[in-house]
Amino acid sequence: MSFSLYIHIPYCQAKCPYCDFNSYAAPAWPEADYTQALIAELGRRASEPPFAEDTLRTIFFGGGTPSLFAPHSIGAILDAADRSFGIDRDAEITLEANPGTVNLSKLAGMRAAGVNRISFGAQSFDDRILKLLGRIHDAAETREAALLAHRAGFTRLNLDLIFAVPGQTVAGVIDDIGQAAALEPDHISAYNLTFEEGTAFFAEMKRGRMKPLANEEQAAMYAAVRDEIPARGYPMYEISNYAPAGHEARHNLTYWRAETYLGIGAGAHSFALAQRDSRASGDHYGRRWWNERSPARYLEMARCGGMAESGAEEINGATGASEFVFLNLRLRAGFALADFEERFGRSFDDIFAGRAAPLIDGGLLVRRKDRVFLSERGLELADSVFAEFV
Ligand code: SF4
């Protein structure tokens, strides 16, 4: 069996005011120590179940800003991952990068270290919006970074965009999409800005100094995103993600399909699906756990024995079935009824017929042939559809 590995690097040059990730602005970062801690954690995880016998099919360096690290550090982590588990020959290896932190030699070094997919946080091509978002780069730097990534040999390149930023217009969002597509990425993500508790934007909103766009404006922007990105050759395959067939983010598909992944690094989450025979009882579907969030405490823990787990929960079949449905419904193709039954040993109708019927009658959910997926209207109201399955 193969599984996915997420590696969290929590340091950033500056904290963006909308960001609620486990990331920390730092003038300098303990790169060598953190790299060693990750390597220790990999070794420990490889020595025990449930991952000891399995190989890696995708690896994702997320953050934070993994592109702050030098290629030799990323290479050392990948070497350790290969020694510990074995990396599949066709594995997808993604590194998140901030356009303000790369040059040709760094990108070429990352490619040589084994990274084969780069994901840039472009966010917008309007410098006024980038400033409001607290980004450390301008649009020209994003354009340059994408060109350099191509030159460094990256054929797989994602650009992240954000919409529904106060001050943004539908025309501005469409312009961002056009500018992103012109850089010829093979994948585009477009996320609706949310004001998450604990962020500077949330505090500004509470003080009345910042106002999210009205729901209708946000919906109009999401509709424009859903029309304009596919019109440029990137079909939607997930609520926020667009790519031609075969170019989907394989790592993220692991999450949406509710499959097993290991997360290492400060605050990283993991999920392991139980073996089929122990899932059958319904009591033991899987286990989720998470690491210590603080980078300093993570370093201390991981260095003494490679474990930094700070919490865990057992997941029973009922919770697992809910998660399977609302995660898979994020995908444009939804899920196959046969896959549901294979996972849970019971049919979808057996568990969810009562909840699905009104959603199908109301035109939010579609059941066609052997699949269940969101309708166009269901995409707009996805959160309320998901809530029905929780
Ligand atoms: S660069 Fe990314 S991870 Fe870091 S603060 Fe900004 S949005 Fe968050």
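Helices and strands here are DSSP runs, numbered from the N terminus. The model is predicted, and the residue numbers below count from 1 along the chain.

**Stop 1: the loop after strand 8**

Select Thr194. This residue sits in the loop that joins strand 8 (187-192) to helix 7 (200-206). Thr194 counts as partly exposed because 14 C-beta neighbours fall inside 10 Å. Now add Val165 to the selection. The two residues are 29 apart in sequence, while their C-alpha atoms are 8.8 Å apart in space.

**Stop 2: Phe163 and the cores**

Move to Phe163. Leaving out residues up to four places away in sequence, Phe163 touches Gln168, Val173, Ala190, Asn192, Leu193, Met221 and Val225. Phe163 belongs to the largest nonpolar core, a set of 74 residues. Ile7, Ala81 and Leu161 are listed with Phe163 as the members with the most contacts inside that core. Helix 1 (residues 31-46) is the largest contributor, giving six residues to this core. A second core, separate from that one, has 16 residues, among them Ala258, Ala321, Phe348 and Leu365.

**Stop 3: helix 6 against helix 8**

Select residues 170-182 for helix 6 and residues 215-231 for helix 8; the two pack with their axes 10 Å apart, at an angle of about 30 degrees. Helix 6 is therefore roughly parallel to helix 8, since angles under 35 degrees are classed that way. The crossing of helix 6 past helix 8 is right-handed.

Show the side chains at the contact. From helix 6 come Val170, Val173, Ile174 and Ile177, and from helix 8 come Ala220, Met221, Ala224, Val225, Glu228 and Ile229. Sorted by class, the residues of this contact are nine nonpolar, one charged and no polar. Val173 in helix 6, and Met221 and Val225 in helix 8, also appear among the residues that Phe163 touches.

**Stop 4: helix 1 against helix 11**

Go back to helix 1 and add helix 11 (residues 295-303). Their axes come within 9 Å and cross at roughly 50 degrees. The two helices are therefore oblique to each other, and helix 1 passes helix 11 in a left-handed crossing. On the helix 1 side, select Asp33, Tyr34, Ala37, Ala40 and Glu41; on the helix 11 side, select Tyr298, Leu299, Ala302 and Arg303. This contact of helix 1 with helix 11 has six nonpolar and three charged residues, and no polar ones.

**Stop 5: two cis peptide bonds**

Most peptide bonds are trans. Where are the cis bonds to look at here? One runs from Pro49 to Pro50, with omega near 5 degrees. Pro50 is in the loop between helix 1 and strand 4 (55-63). Another cis bond runs from Gly63 to Gly64, with omega near 15 degrees. Gly64 is in the loop between strand 4 and helix 2 (71-84).

**Stop 6: two positive phi values**

Most residues other than glycine have a negative phi. Select Gln123, where phi is positive, near 70 degrees. Gln123 lies in strand 6 (residues 117-123). Is Gln123 buried or exposed? Gln123 is buried, because 27 other C-beta atoms lie within 10 Å.

Finish at Glu184, where phi is also positive, near 55 degrees. Glu184 lies in the loop between helix 6 and strand 8. With 13 other C-beta atoms within 10 Å, Glu184 is partly exposed.

Key: Predicted model: local features only at pLDDT ≥ 70, side-chain atom pairs only at ≥ 80, totals over all residues. Axes fitted to C-alpha atoms, helices over the stretch in contact; angles between N-to-C directions. Helix = DSSP H or I, 4+ residues; strand = E, 2+ residues; numbered from the N terminus. Parallel < 35°, antiparallel > 145°, perpendicular 65-115°, else oblique. Left-handed = near helix turned anticlockwise from the far one by under 90°. Contact = placed C-beta atoms within 7 Å. Nonpolar A, V, L, I, M, F, W, Y, C, P; charged D, E, K, R; others polar. Core = buried A, V, L, I, M, F, W, Y, C linked by C-beta atoms within 7 Å. Buried ≥ 20, exposed ≤ 12 C-beta atoms within 10 Å, placed from the backbone.
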